[in-house]
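Reader: I am new to this structure. Please take a close look at one part, the packing of two helices, and then set it among its surroundings.

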Amino acid sequence: MKGDMYLVRSSDDEILKRAESGGAVTSLLKFAMESKMVDAVLAVKARDGDRYDGIPVLITDPEAVVEAAGSLHCVSPNIARFLKEYLNGAFNMKIAVVCKPCDARAIIELVKRTQIQMENLILVGLNCTGTLPSAAAKQMFREEFGVDPADVIREDIEEGKLTITLKDGTEKEKDLDELEQKGYGRRENCRRCDINIPIMADIACGKWGTDGKKATFIEVCSEKGGDFIEKAIEAGYIKVERPDRGAIEARREKNGEEVERAEKWQKKDFAFLREMSAEEKFSYWLEQFSRCIKCYGCRDACPICYCKDCILEADRGTILPGEIPPDIMFPMIRTVHVMDSCVNCGQCQDVCSMELPLSQLIFMLNRELADIFKYEPGMDINAPIPLKSVTDKELAIAGVDIQF
Ligand code: SF4
Ligand code: SF4
């Protein structure tokens, strides 16, 4: 049931041999398909064996789940958008989705916008302490770790360190803060992310609290998740034990450390903007957006941008065609449309042709809105979307004064 916690291992010797953390997630996914709880699994797989280039894959053969096992830190595919656009929002297929916290949150926001059918999903959430930008990661492995990126078979981000494992089994580690001061390390949005355990998914899986055992710590986060785990135990796919109080506390502490690290980054990244006057902020963003080439990358990548008939298109009359940079209403409209529900996934900033600090702006505004409306995007499927439900009167009562 919701709230239950388990230390989980696969019952399958073959999966156990290949798995990093006891093979729990692999066995659960296999069970989901073989028991017909789902028709397919949506996961991420290295493209042609290249761990710096991962792609979302829809798996319908239970045996193929094993090939998608293991973490890929150097890729961050747009799972929510993929589910909405290429899998018809799961309206006609039952899917188990392997997701990071920001993926699960984006899915929940799209469910609220009737773009995804939650009843057909099982969200298998994975703990996340950040992802690395692919090209910069290769350069960092070469220059800071002195290794060939092709020799890296695993990365771990924990306790303020980035640890890599090489083909020959050797491990190398570096202080994450030092790497990030040099411009390496995690994607910028990941540094600011304070949601590491995907408690908005049906189950939250990770290694915190396992005390080095070959097992996965799983928290059941919904009744659907509880039903899933109980059926997998009954069918003999997984073996479970209850974590003791020490294990639960260790997991809580690890999460607390990461949240603290994220809050420091939020403070650092937002401080200079928050110290500016409204006029200074406006000039700063005008200057930034004067470099926009209206490639529409940010709109097309954002999981929260879902309108099929977008008001920013040239034929809608709001933004004149052929003008570069576009009128300031272009970024203003996009920002206002997504800022109440931004899940800090960083996809907009990753794709921006002009490298504008888009997720920095939108996530910062989102934090301010979250304070006013007490709304955390993607955390509670039953919470109404603030800017869809708020009235002018309520805005006036709240004394809302959101400024760029
Ligand atoms: Fe992700 Fe950017 Fe959209 Fe926020 S605005 S949800 S960071 S793509
Ligand atoms: Fe402009 Fe960047 Fe968005 Fe392209 S991705 S439209 S350059 S802000």
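Author: Contact here means heavy atoms within 4.5 Å. Helices (H or I, at least four residues) and strands (E, at least two) are DSSP runs, numbered from the N terminus. This is a predicted model, in which local features need pLDDT of at least 70 and side-chain atom pairs count only at pLDDT 80 or more, while totals for chains, interfaces and linings use all residues. Residues are numbered from 1 along each chain as its sequence is written, chains are lettered from A and ligands numbered from 1 in the order in which they are written, and side-chain values use heavy atoms, with hydrogens and water left out.

In H9, Phe272, Leu273 and Arg274 meet Lys281, Tyr284 and Trp285 of H10. The residues of this contact are 4 nonpolar, no polar and 2 charged; Ala, Val, Leu, Ile, Met, Phe, Trp, Tyr, Cys and Pro count as nonpolar, Asp, Glu, Lys and Arg as charged, and the others, Gly among them, as polar. The axes of H9 and H10, lines fitted to C-alpha atoms over the stretch in contact, come within 9 Å and cross at roughly 115 degrees. Angles between N-to-C directions run from 0 to 180 degrees, and 65 to 115 counts as roughly perpendicular, so H9 and H10 are roughly perpendicular to each other.

Helix H9 (245-274) and helix H10 (278-289) are among the elements that give two or more residues to the largest nonpolar core. Such a core is a set of buried Ala, Val, Leu, Ile, Met, Phe, Trp, Tyr and Cys residues joined through side-chain atoms within 4.5 Å, buried being under 20% relative accessible area (1.4 Å probe, protein chains only). This core has 57 residues, and Leu42, Leu83 and Ile95 are among those with the most contacts inside it.

Technical notes
Buried means under 20% relative accessible area, exposed over 50%, partly exposed in between (1.4 Å probe, protein chains only). Angles under 35 degrees count as roughly parallel, over 145 as roughly antiparallel, 65 to 115 as roughly perpendicular and the rest as oblique.
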